[in-house]
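I opened the file today and kept notes as I went. The entries follow the order in which I looked things up.

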Amino acid sequence: MDQIKIKAEVRTEQGTGAVRRLRRAGMVPASVMSMNKGGTKLIKFNAHEFMMAMRGRSGKQLLVSLDMNGTEVPALLREMQNDVLAGTPIHVDFSEVSLTQKVRITVPLMLVGEAVGVKIGGGVLEQTLRSVEVECLPTDIVEKFSVDVSALGLDQTLFVRDLQLGDKMTLVTRGEYAVAVVKAPEGADKAASAAGDKAPDVIKKGKDDAAKAEKK
């Protein structure tokens, strides 16, 4: 992933009124949580430049490089608040990180491919887990995991333990959680249920016939 660089500067403006003035001036107020409980630093940066740098990015937790007056500060973008109507950023939260220490993040799962149970068996693919939690170095962060479900057959389930995420990722989410399942067609379930409902009637009818024979 290409590194995201953001030119920022420390801000002294605080309070609702001051923050509104910053936004009207085309700036985005933000905060950076320092490492080792060193407190939080207030910063600001150009809104247009930030949106250009973030264009095409879909991840919720991204590694960025904050240029603070010539000093590069690696940080994770943890949360971004957007204007409800305009969709533009109004506040961003970062946390400073070390490039040599692993971080814990949540990564979305995107299913790719057509499951054989859907293509041939007529089943229905359901995604039961939308993201997983992993640990990795900040430089190994990805925006999403693409999960191939092509080999998933009818009534088969793909579990977290089946995911192939590579050596750089350590799964934190429990392995027994289901990611996706191919369920049998609804009609097939009804047919099986109907067959099960009729079975006791056949058995009962056989017993009734035997009882009548004995009386004769």
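What pLDDT does the protein average, and what share of the residues score at least 70? I noted an average of 86, with 83% of the residues at 70 or above; pLDDT is the predictor's confidence in each residue, from 0 to 100.

Conventions. I number residues from 1 along each chain as its sequence is written. I am reading a predicted model, in which local features need pLDDT of at least 70, side-chain atom pairs count only at pLDDT 80 or more, and totals for chains, interfaces and linings use all residues, while side-chain values use heavy atoms and leave out hydrogens and water.

Overall. I looked up the secondary structure and found 4 helices and 13 strands; these are DSSP runs numbered from the N terminus, helices being H or I with at least four residues and strands E with at least two. Of the 216 residues, 32% are buried, meaning under 20% relative accessible area with a 1.4 Å probe, protein chains only. Among contacts (heavy atoms within 4.5 Å) with a separation of 6 or more, 66% are between residues 24 or more positions apart.

Barrel. I traced a closed barrel of 6 strands in the order 1-3-2-6-5-4, with mixed pairing; two strands pair if DSSP finds at least two bridges between them. Neighbouring strands in this barrel are turned by 45 degrees against each other on average, direction ignored; axes are lines fitted to C-alpha atoms, for helices over the stretch in contact, and angles run from 0 to 180 degrees between N-to-C directions. Strand 1 (residues 4-10) and strand 3 (residues 40-46) run antiparallel and are joined by 3 bridges. I checked Ala 8 and found its bridge partner in strand 3 to be Phe 45.

Helices on the barrel. Helix 1 (residues 16-24) packs on the sheet and touches strand 2 (27-33), strand 3 and strand 6 (89-96). The direction of helix 1 makes about 125 degrees with that of strand 2. Helix 2 (residues 47-54) also packs there, touching strands including strand 4 (62-68) and strand 5 (71-82), and its direction makes about 90 degrees with that of strand 3.

Open sheet. I then found an open sheet of 3 strands, order 8-13-11, antiparallel. Strand 8 (124-127) and strand 11 (157-159) are its edges, each pairing on one side only. Here neighbouring strands are turned by 10 degrees on average, direction ignored. Strand 8 is joined to strand 13 (residues 178-183) by 4 bridges, and Glu 126 has Val 181 as its bridge partner.

Low confidence. Residues 199-207 stay under pLDDT 50, with 0 contacts beyond four places in sequence. I recorded the same for residues 210-216, also under 50 with 0 such contacts. Where pLDDT is low, the predicted coordinates should not be read in detail.

Conventions. Buried means under 20% relative accessible area, exposed over 50%, partly exposed in between (1.4 Å probe, protein chains only).
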